[in-house]
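Subject: The model I promised you

Hi,

Here is the model we talked about, with the sequence alongside. Have a look at it first, and then read on for what turned up.

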Amino acid sequence: MTSSDRSQAVDVKRSYEVRTYGCQMNVHDSERLSGLLEDAGYVRAPEGADGDADVVVFNTCAVRENADNKLYGNLGRLAPMKTKRPGMQIAVGGCLAQKDRDTIVKRAPWVDVVFGTHNIGKLPVLLERARIQEEAQVEIAESLEAFPSTLPTRRESAYAAWVSISVGCNNTCTFCIVPALRGKEEDRRPGDILAEVEALVAEGVSEITLLGQNVNAYGSDLGDREAFSKLLRACGAIEGLERVRFTSPHPRDFTDDVIAAMAETPNVMPQLHMPMQSGSDPILKAMRRSYRQERFLGIIEKVRAAIPHAAISTDIIVGFPGETEEDFQQTMHAVREARFANAFTFQYSKRPGTPAADMDGQIPKEVVQDRYMRLVALQEEISWEENKKQVGRTLEVMVAEGEGRKDGATHRLSGRAPDNRLVHFTKPEAEVRPGDVVTVDITYAAPHHLLAEGPTPTVRRTRAGDAWEKRNAAPAQPAGVMLGIPTLGVPAPLPTVASGCSVPASS
């Protein structure tokens, strides 16, 4: 946002609420939207405001077939509230806004601002312009105006953070509309990325997740095929950075130098989330996925040889057009061979604007549902078996905030192991804060979590825990790490995201 744009920021404390749908990209974009609004003088509405704010922003996803119905349903519920609240504004951004543009204002004329994926930095200006001109502002940029990481950011966590290394995607998967909405891949300079990571660590962050639509293709825009593995190794040299993760990679770009960097860099965690999408070669071809089952399983084998305790997860789409029972059985075979720690499984649904939406051989809903249930049952069995192998191990767990829904009733705390498995453990007598690290002995395994039911042997207080404590001890201050890129030239676990564009968009 330019200095002239900033001069138009609101001069009174108005409240805001951001509602996020979709993938990790959208979650991180929402952190930026919150940072922009707070930088412009807005204050965050209390938790559970449910539309009772001066400004409500919808950060949308266009991946699911019913994404627009969900948006317009929510907008409809806000219409009477806006009538009763003079000065209230509603903004719609993200992938669906980029796709539908003027349609949103036509269907919901009470919306004040529509902005796209390439110009999120203009939100405060568009809100002010809509207020002054008393008419809707629709501004959709066709290309990226500024790399989003240069914008102010309101970090949701004091101890863990997303760091974007690229935006956009150069692939053409037939089920995915995201490249059309987020554009071609653009990579950040390594110096900019590392400067942001160092600044986050200085604020107390101890875990970062490198984020990209196709994260391990990083370097294609820079002309360096090994740029991603070099970036992982460079993160390993940052003092105070305890955990490094990344999502989501593409099998096509998963090279041996990346595996070596993962194995040889101590703070790169033994975890890999790599979307398979299907185990059938004909379906992978129809999806325009540039690998086949043998190649995918070969990568898994290499990762496990280099990192024996690695937990590997994936995304799978069931019922893609033309999928036969034989194709589905190939997916089941690949799942048995890969032995994923967990899998995000999805029933195929049409994404308007994608080639797959118009393909012949659309599978009946009941057939898709049956295959989906069989796949889920198989993966549940494998996840449980893989988790049982953790019983008896001693693990370092980073304490998390809000991970255990039953922690209060069970007198437990929750956190993530190095391989990102969720661990519930007995609350120790010593004070433990989110961001601190405990050492626990695993005593029980369920399909989706581990338990450490005995005493907690050690508690290590960390700078990340200090950062969490500092944030929560000063509620009168803006909650969040307000961080843009430093002006020196080169300069969950994170929350689990439900279905969204990064799932099929690892294209």
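Two residues are taken to be in contact when heavy atoms of theirs lie within 4.5 Å. Keep in mind, too, that this is a predicted model.

With that in hand, let me start at Cys 95. Setting aside the neighbours within four places in sequence, Cys 95 is in contact with Thr 60, Cys 61, Ala 62, Thr 117, Leu 181 and Arg 182. Cys 95 belongs to helix α4, which covers residues 95-100. How far apart are the C-alpha atoms of Cys 95 and Arg 182? They are separated by 7.5 Å, although the two residues are 87 places apart along the chain. Is Cys 95 buried or exposed? The relative accessible area of Cys 95 is 1%, and buried means under 20%, so Cys 95 counts as buried.

Some other cysteines carry a record. In the unreviewed UniProt entry, the annotation "binding site" covers Cys 169, Cys 173 and Cys 176. The loop between β8 (166-167) and α7 (178-182) holds Cys 173, and Cys 176 is found in the loop between β8 and α7 as well. Cys 173 is buried, with a relative accessible area of 3%. For Cys 176 the relative accessible area is 10%, which makes this residue buried too.

Now to the sheets. One open sheet has 6 strands in the order β2-β1-β3-β4-β5-β6, with parallel pairing. Its edges are β2 (43-44) and β6 (137-139); each has a single partner strand, so one side of each is left without a neighbour in the sheet. Between β1 (residues 15-20) and β2 there are 2 bridges, and the two strands run parallel. Within that pair, Ser 15 stands opposite Val 43 of β2. Helix α2 packs on this sheet, where it touches β1, β2, β3 (55-60) and β5 (113-115), and its direction makes about 170° with that of β1.

Another open sheet is built from 3 strands in the order β7-β10-β11, again with parallel pairing. The edge strands here are β7 (160-164) and β11 (243-247), each of which pairs on one side only. From one strand to the next, the twist averages 25°. Helix α2 (residues 24-39) packs on this sheet as well, touching β7, β10 and β11, and its direction makes about 100° with that of β7. So α2 is a helix to look at in both places: it packs on the sheet with β1 and on the sheet with β7.

What holds the strands of this sheet in register? β7 is joined by 5 bridges to β10 (residues 207-211), and the two run parallel. Ser 164 has Leu 211 of β10 as its bridge partner. A further 5 bridges join β10 to β11, also running parallel, and Leu 211 stands opposite Thr 247 in β11. The strand β11 is mostly covered, with 5 of its 5 residues buried. In a regular strand the side chains alternate between the two faces of the sheet. In β11, Arg 243, Arg 245 and Thr 247 lie on one side, Val 244 and Phe 246 on the other, and all are buried, so both faces of the strand are covered.

Next come two helices. α9 (residues 227-236) and α10 (residues 256-264) pack at an angle of about 5°, with their axes 8 Å apart. That makes α9 roughly parallel to α10. On the α9 side the contact is made by Phe 228, Ser 229, Leu 232 and Arg 233, and on the α10 side by Asp 257, Val 258, Ala 260, Ala 261, Met 262 and Glu 264. By class, this contact has 6 nonpolar, 1 polar and 3 charged residues.

Lastly, have a look at β16 (residues 412-416), a mostly covered strand in which 4 of the 5 residues are buried. β15 (residues 394-399) is joined to β16 by 2 bridges and runs antiparallel to it, with Met 398 opposite Arg 416. Between β16 and β17 (residues 422-426) there are 5 bridges, and these strands run antiparallel. Arg 412 has Thr 426 of β17 as its bridge partner. The hairpin of β16 and β17 has 5 residues between the strands, and Asn 420 takes a positive phi near 80° there.

Happy browsing, and best wishes

Conventions:
Residues are numbered from 1 along each chain as its sequence is written. This is a predicted model: local features need pLDDT of at least 70, side-chain atom pairs count only at pLDDT 80 or more; totals for chains, interfaces and linings use all residues. Side-chain values use heavy atoms; hydrogens and water are left out. Two strands pair if DSSP finds at least two bridges between them. Axes are lines fitted to C-alpha atoms, for helices over the stretch in contact, and angles run from 0 to 180 degrees between N-to-C directions. Angles under 35 degrees count as roughly parallel, over 145 as roughly antiparallel, 65 to 115 as roughly perpendicular and the rest as oblique. Ala, Val, Leu, Ile, Met, Phe, Trp, Tyr, Cys and Pro count as nonpolar, Asp, Glu, Lys and Arg as charged, and the others, Gly among them, as polar. UniProt positions are given in the numbering used here, feature names are shortened, and annotations may be inferred rather than shown by experiment. Buried means under 20% relative accessible area, exposed over 50%, partly exposed in between (1.4 Å probe, protein chains only).
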